[in-house]
Amino acid sequence: RRYQRDMPGCTKSYSRPRYLIQHQESFHQGQSFECDFPGCLKLYNYASNLAAHKRKARDRQRYHCEVKGCDKSYTESSKLKRH
């Protein structure tokens, strides 16, 4: 049996309840800050950590679709071409 926290964005599961409790105490005490980047489910304990993550994610998305109304962007030019 696996033990998992019922929290959006957290996919961690553990073989023992005490490991789940340790995870909760380490990563989910207090307020959580969730990334709103499409397809990203990361959670952070501090707003500053989320901001750093978003800066890195934004910097990796260098290839942008130029079709009006499309906001897709990609890390590789080949993915943009395929889009």
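Select Tyr46 to begin; in this predicted model, Tyr46 sits in the loop between S4 and H2. Tyr46 counts as exposed because its relative accessible area is 53%. Now add Ser32 to the selection and draw a distance between the two C-alpha atoms: they are 7.2 Å apart, although these positions lie 14 residues apart in the count along the chain.

Next, go to strand S3 and pick Phe33. With a relative accessible area of 23%, Phe33 is partly exposed. Add Tyr44 and compare the C-alpha positions. Phe33 and Tyr44 are eleven residues apart along the chain, and their C-alpha atoms are separated by 5.0 Å.

**Along helix H2**

Helix H2 covers residues 47–60. Several stops lie on this helix.

Start with Ala57, a residue of helix H2. Is Ala57 buried or exposed? Ala57 is buried, with a relative accessible area of 4%. For a distance across the model, select Met7 as well: the C-alpha atoms of Ala57 and Met7 are separated by 23 Å, and the two residues are 50 apart along the chain.

Then select Arg55, also found in helix H2. Arg55 has 45% relative accessibility, so it counts as partly exposed. Keep Arg55 selected and add Lys42, Lys56, Arg58 and Arg60. Together with Arg55, these residues form a patch of positive charge on the surface. Showing the side chains as sticks will make the patch easy to follow.

**The salt bridge**

Side chains of opposite charge can pair when their charged atoms come close. How many salt bridges does a search of the whole structure find? The search finds one. To see the pair, select Lys54 and Asp36, whose closest N and O atoms are 3.0 Å apart. Lys54 is in helix H2, while Asp36 is in the loop between strand S3 (33–34) and strand S4 (43–44), so the salt bridge ties together parts that are 18 residues apart in sequence.

The two partners can also be viewed with a surface switched on. Lys54 is partly exposed, at 30% relative accessibility. Asp36, at 59% relative accessibility, counts as exposed.

**The cysteines**

A disulfide is a covalent bond between the sulfur atoms of two cysteines. How many disulfides does a search of the whole structure find? The count is zero. Select Cys65 to look into this: Cys65 is in no disulfide, and the nearest cysteine sulfur belongs to Cys70, 3.7 Å away. A disulfide would require the sulfur atoms to be within 2.5 Å, which is why a pair at 3.7 Å is not counted.

Cys65 is buried, with a relative accessible area of 15%. Moving to Cys70 gives the reverse view: Cys70 is in no disulfide either, and its nearest cysteine sulfur is that of Cys65. The relative accessible area of Cys70 is 24%, and Cys70 is therefore partly exposed.

**Last stop: helix H1**

Finish at His23, which is found in helix H1 (residues 17–27). His23 is buried, its relative accessible area being 7%. Where does Ala47 stand relative to His23? Select both C-alpha atoms and draw the distance: His23 and Ala47 are 19 Å apart in space and 24 residues apart in sequence.

Key
Residues are numbered from 1 along each chain as its sequence is written. This is a predicted model: local features need pLDDT of at least 70, side-chain atom pairs count only at pLDDT 80 or more; totals for chains, interfaces and linings use all residues. Side-chain values use heavy atoms; hydrogens and water are left out. Patches are made of residues with over 30% relative accessible area and no salt bridge: like charges are joined within 9 Å, nonpolar side chains (Val, Leu, Ile, Met, Phe, Trp, Tyr) within 5 Å. Accessible areas come from the Shrake-Rupley method with a 1.4 Å probe; for residues, only the protein chains shown count as cover. A salt bridge is a side-chain nitrogen of Lys or Arg within 4 Å of a carboxyl oxygen of Asp or Glu. Lys and Arg count as positive and Asp and Glu as negative; His and the chain ends are not counted. The place of a charge is taken as NZ of Lys, CZ of Arg, CG of Asp or CD of Glu. Helices (H or I, at least four residues) and strands (E, at least two) are DSSP runs, numbered from the N terminus. Buried means under 20% relative accessible area, exposed over 50%, partly exposed in between (1.4 Å probe, protein chains only).
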